[in-house]
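Visitor: I am new to this structure and should be grateful for a close look at a single part of it. Please take one strand and its surroundings, and explain the terms as they arise.

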Amino acid sequence: MNTAETEKKRLAALTRLGLLDTPPEERFERLTRIARQHYNVKIALFSVLDHDRQWFKSRQGLDVTETPRSVAFCAHAIRQDQIFVVEDASHDPRFRNNPLVLDSPDIRFYAGMPIREPGGFKIGTLCIIDDKPRRFTEKDLEVLRTLATIVEDELERSYIESDKSEYVPVSHLNRAIHHAQNVFLTSDNERSAFSQMLSDLLALTGSQFGFIGEVLHESNGTPYLKVGAITNIAWNPETQALYQDVERQGMIFDRLDNILGQPMVTGEIIISNNLPEDPRRGGLPPGHPPIHTYIGIPVFTGRKHLGLIGLANRAEGYTRKLADELAPLSQTLANLIERKRLYEEQRSHKQDLELATNFDTLTGLPNRRRLTELFEQELYEADQRKGLVSVCFIDLDGFKTINDKHGHSVGDAVLRSVAAKLLATVRTHDIVARLGGDEFVAILRDADDERVYARLLDAIQQPINFRHHVLQVSGSMGITVYPDDDSDTDLLLRHADQAMYAAKETGKNCFKVFDLASHSSRKERIRVLDQIDNALRHEELELFYQPKICFRNGSVNGFEALIRWHHPEEGLLGPAHFLEHIEYTEYARTLGNYVIREAVKQLAGFAQQGLPYTLSVNLSPSHFLSQEFGDDLAAALEGCPKELRARLILEILETTAMDDTETVLKNLTACRELGVDVSLDDFGTGYSSLDYFRRLPAQEIKIDRSFVMDMLNDADDSMIVSAIVSLSKSFERRLVAEGIESADVERKLIELGCDIGQGFFYSKPVPLPEALHWAANFRWDNRVTP
């Protein structure tokens, strides 16, 4: 149906509502008041779009009752399927010269949700307006969306209550219309929609038999009917074959001299309530059961005869009034047929007019060159509306086997069928392209439900009938979503292609969404691994030292050594920038040994200066759990006196301690035998059992900083810290709290009985000379936050 015809029907639906120029009603006034108060805006309206005006059924904050449609923001909103938002009309080229912007009511902000009448036509909007720019997120506008739904419910309730139908309740008719539309939009075959509509027609009218067909014409202009759906009368072999034939290719009615063909000649409704004696009888297919009553309803759009509905064997017979009540459903059939024809005409027109360089000659789909142009436009429009674009890269599974077994002509038919199925599954504004071979791409606008992707794969795997062959393929699909994946068209396609290969590896006939976080992490991992070896060789790594304060005597107990990287281009980098990327690589062990050896060397330096400090270092999980760890530690400690070893504290994460019980216990025992202490770092973030904790040969517990930092403001964190303190005392473990940033937190930890503290309240990690200078000048009574 063209735009003019759609608008004509929209206005007719608006007239049927009986809403125009009626007094205000509290049921709508209440909703606009809620919208205005909730969003704290100047104006809230329930606006209805008539032929040449915008009329306000309910208005808050506005004196006029209508404006010209030509200046109505709502005229733009009803062309959308979601909320239409203008954040600042004075800077929007569509509205900046609008008289409603330049003069009263001085519109700057507008948000309108389209309102549909029970038949599905958009008749107006529920909107909010302000005289200053505003910004709302999709989540913020959920209330407006909900209020609009309530308006639609009210319209439908009134429509149903005013129903004066004699035979078919409006509510039942609406459900049948929605059934047909939904099936047509989601099925890869229009016959499914025809079958659904026929089933509803039989139920609505109490008819026993029926058919729905499309009126076509021979080259000489003679009409004939191609049946799209017919009642399943498969009660004997003869009728079974009839029904199966309709299912495969449709049935043709080309006789015009009987009651079935007459509507195609006259264009008039045909009714017979005594068919056995009607001279127009005849035309039934062989084996069809007897028919007693019959109605034939021609289906039109404008003056064009598009289809025919036939119903039979209604016990009480048929009337013209019944046909009139079924008019909305027959019009829906006209819309579906016209939409199908329009799609076919558009496709043919494109194939005739577009250059061969822009379209795939086999399927008629855009090729890679044309796809790039359409794709760039989609990304631009997504930026304008702040929407999403899903890039779906599809590769067929099993296509090569079909090509090799049946030949290229059959393979080409499969590709054409898949292309048609994809086009029938997506919406009119979505894009389907063929890149070549058996690779397709679908560009979907604002597809935020993964069931949309599943429908594409479901459509592909439907059986294909071709030259007595029943063929079947499936698809593996990779997806990436813009702007989450904020890349250009080439890179978006490459990312979707990578996700498609992940789907292939998973087992085919499935889809995978591109893991953007993993991809970014992988790129960074590769970059770090390319540079870390050079960093070790050029001594770009350095240990920084953060002091640990003993609460019992108010002195510096020691330091935690933390790795830093003096990157030649990026400056000083903390461990979060590189440690995770070298984990479970050869560099984890290399860096782990470097840190331990540096710590042992520094302890020797402390001893030479007569300093009693301890030194703790963090162990890499993969290095600690490796078979080489015990030997590496022994080698690093070779020649180190026993009294110095006792000052070395190796920190392992609580979660690491739970990974491999046998290896953990073996390596912790090796640490104790070599004379070094072990600390369980980030304690409280794991879920180790008390029995396991009791058996761990660790001398120290280190409370995770996340609990310490929020313990004064979060009751749960405070309770966790108290519990860890009690646990450490029960098992006679030394307790360290990290993340101390205030005197109040320090005071609370001392009250609880914590042994040692560290954090920015004392000092951030600094190079060794600064750390030693700080420690030499530290006085408990004079400590201040740096």
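Guide: Let us begin at a turn. Strands S2 and S3 form a hairpin with 5 residues between them, and Gly61, in the turn, has a positive phi of about 85 degrees. The model is a predicted one, in which local features need pLDDT of at least 70 and side-chain atom pairs count only at pLDDT 80 or more, while totals for chains, interfaces and linings use all residues. Residues are numbered from 1 along each chain as its sequence is written, and side-chain values use heavy atoms, with hydrogens and water left out.

The names follow a simple rule: helices (H or I, at least four residues) and strands (E, at least two) are DSSP runs, numbered from the N terminus. Two strands are said to pair if DSSP finds at least two bridges between them. In general, the strands of a sheet pair through backbone hydrogen bonds, either parallel or antiparallel.

Strand S2 covers residues 53-60. On the S3 side, S2 is joined to residues 66-68 by 3 bridges, and the two strands run antiparallel. Within this pairing, Arg53 has Pro68 of S3 as its bridge partner.

Strand S2 also has strand S1, residues 43-49, as a partner: 6 bridges join the two, again in the antiparallel sense. Here Val48 is matched with Trp55 of S2 as its bridge partner. A hairpin of 3 residues leads from S1 to S2. Strand S2 is thus joined both to S1 and to S3.

As for its surroundings, S2 is mostly covered, with 7 of its 8 residues buried. Buried means under 20% relative accessible area, exposed means over 50%, and partly exposed lies in between (1.4 Å probe, protein chains only).

For a wider setting, one may turn to an open sheet of 6 strands, which has the order S9-S8-S7-S12-S11-S10 with antiparallel pairing. Strand S9 (251-253) and strand S10 (270-272) stand at its edges, each with a single partner strand, so one side of each is left without a neighbour in the sheet. Within this sheet, strand S7 (residues 209-217) and strand S12 (residues 304-312) pair in the antiparallel sense over 6 bridges. One of the pairings sets Phe211 against Gly310 of S12, its bridge partner.
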